[in-house]
Amino acid sequence: MSRIVIVGANHAGTAAANAILDNYPQHQVTIFDQNSNISFLGCGMALWIGGQISKPDGLFYQTKEQFEAKGATVHMQTTVESIDYPKHMVHAVSDGGTRIDQPYDKLILATGSEPIIPPVPGMDLQNVQHVKLYQDARAVVDKLHDPSIRRVVVMGAGYIGVELAEAFKRNGREVTLVDMAPTCLAGNFDPEFCALMERNLADHGITLAFGERVLRLEGEGGKVASVVTDRGSHEADMVCVCVGFRPNTQMFRHVGFDMLPNGALLVDHHQETSKKGVYAAGDCSNTFNNALGGNPAYIALATNAVRSGIVAGHNAAGTPLESIGVQGSSGICIFDLKMVQTGLTRVKAEAAGHEVRVSDFKQVQKATFIEEPNPEVKIRVVYDAHSRVVLGAQMASTYDMSAGIHMFSLAIQEGITIDRLALLDVFFLPHFNQPYNYYTMAAYNAVLGK
Ligand SMILES: Cc1cc2nc3c(=O)[nH]c(=O)nc-3n(C[C@H](O)[C@H](O)[C@H](O)COP(=O)(O)OP(=O)(O)OC[C@H]3O[C@@H](n4cnc5c(N)ncnc54)[C@H](O)[C@@H]3O)c2cc1C
């Protein structure tokens, strides 16, 4: 029997806890979380704010009681303040002031990430919102009941900023999306794909202010009133700050952990940190990016949090289990435009030193004789000019073609060349696809040197 302590019980901590509780009943599991809720799916926040779902109840999948029913001890609203690693002791304090000293044999750190607050004046004004926790989403939804909040400026046009811009628009607000990059989603897609999303946002009435650096927020009567950039000013009754996340690892600095430059705890493929018996998972730690030679990378996604939590749980419980790394696969759906990607964009592959080739292809999804809506799918496959190994793929359509990206994720994981995909056995049925499918056609064109 081991005493396993888990710090943080959102996606990574929950996955680790369930891996242990469901498979190793002999261990004693103690969970700490400073929040009052567990397992909030931030991915559903924009759907709630935009009114696409009516209530947040379905955005949670785990409760304290479910953990307790499996035998865990759970301390909610209890912050771990310090850890004595030589003595194997966690020191925590509850919101009510009760102090807990909890010994451990194995420790799993799953403290996640926190929103980056840009260092510009005015961030403390009223109605400047961050979006991370359930409580943040609740505050936004509550404030939107006030009709005087008419104009919303979203700072940051990555996935979350774009999703929230859509949500505020669906909620009937005038929305301006600001980013210092020249386009949206620039971290995940090549410019040709970003342009599709730009047009989509503009067509739905969202004002785009790209290539603008925010200098300060200005207020009136303590409330935010405008966002001043190096190219002008945008009136705002609410500002939503979505400029990214950093690992929540302040507590682990200067106590002997190896870390990435951004402060993520450096783990090995067993999720073990540089301290023996101390594991880390989720947004507070690195992943291994197979598209970049399997090197440690920071890719903060719930998918990675769950996978790494499972790996950490099994290893802490005594079963060696290795992570296989990730490709950073992700997707977005805005006003019906779906965009998915895996691995490296052309821009990122070039930055990583590859001589890059891309194969672009466009095709309607289903057989052309189908007499129902048959949207076009645009695909780009990125590959290395010399080894011909697939480095990345991007797809865009109003059709839900999202599952196709998983094949490219596997291709990158396994180091497959683009030539191996050209004659791949892809089934055909007119209801679904075409006999010469866009996946294989993109690869076939690459074989032909087109
Ligand atoms: C708006 C939004 C949309 C998103 N959409 C997607 C999506 O569509 N797909 C996707 O894959 N990912 C998405 N993500 C990212 C995803 O939510 C994160 O990657 C995920 O939450 C990481 O899980 P985690 O458990 O590692 O960390 P976190 O969710 O950050 O949880 C960390 C937990 O640790 C607790 N904690 C921290 N410090 C302490 C302490 N000292 N003592 C006790 N408890 C502590 C916190 O209270 C928290 O419960 C989205 C994120 C946001 C904000």
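Me: Two strands count as paired if DSSP finds at least two bridges between them. This model is predicted. How many residues lie between strand 5 and strand 6 in their hairpin?

Reply: Strand 5 and strand 6 are joined by 5 bridges. At least two bridges are needed, so these strands count as paired. Their pairing is antiparallel. In the hairpin they form, the number of residues between them is 4.

Me: Which residue in that turn has a positive phi?

Reply: The turn belongs to the hairpin of strand 5 and strand 6. A phi of about 95° occurs there. The residue with this positive phi is Gly97.

Me: In strand 6, which residue is the bridge partner of Val93?

Reply: Strand 5 covers residues 89-94, and strand 6 covers 99-103. Strands of a sheet pair through backbone hydrogen bonds. Across from Val93, the bridge partner in strand 6 is Arg99.

Me: How many bridges join strand 4 to strand 5?

Reply: Strand 4 spans 78-84. The two strands run antiparallel. One bridge links Asp84 to its partner in strand 5, Met89. The number of bridges joining strand 4 to strand 5 is 6.

Me: Which strands are the edge strands of this sheet?

Reply: The sheet is open, and its 3 strands come in the order 4-5-6. An edge strand here pairs on one side only. The edge strands are strand 4 and strand 6.

Me: By how many degrees are neighbouring strands of this sheet turned against each other on average?

Reply: The pairing in this sheet is antiparallel. The angle ignores direction. On average, neighbouring strands are turned by 25°.

Me: What distance separates the centres of domain 2 and domain 3?

Reply: The domain assignment puts domain 2 at 117-243 and domain 3 at 336-447. Each centre is taken over C-alpha atoms. The distance between the two centres is 32 Å.

Me: How many residues does domain 3 bring to its contact with domain 2?

Reply: Domain 2 supplies 7 residues to this contact. By class, that side has 4 nonpolar, 2 polar and 1 charged residues. From domain 3, the number of residues is 9.

Me: How far apart are the end C-alpha atoms of residues 331-433?

Reply: An unreviewed UniProt entry annotates residues 331-433 as "domain: Pyridine nucleotide-disulphide oxidoreductase dimerisation". The span is 15% helix and 36% strand. Its end C-alpha atoms are apart by 21 Å.

Me: What percentage of residues 3-309 is strand?

Reply: In the unreviewed UniProt entry, residues 3-309 carry the feature "domain: FAD/NAD(P)-binding". The end C-alpha atoms of this stretch are 17 Å apart. Helix makes up 22% of the stretch, and strand makes up 29%.

Key. Residues numbered from 1 in each chain as written. Predicted model: local features only at pLDDT ≥ 70, side-chain atom pairs only at ≥ 80, totals over all residues. UniProt positions renumbered as here; feature names shortened; annotations may be inferred. Domains from an automatic or database assignment. Contact = placed C-beta atoms within 7 Å. Nonpolar A, V, L, I, M, F, W, Y, C, P; charged D, E, K, R; others polar. Axes fitted to C-alpha atoms, helices over the stretch in contact; angles between N-to-C directions.
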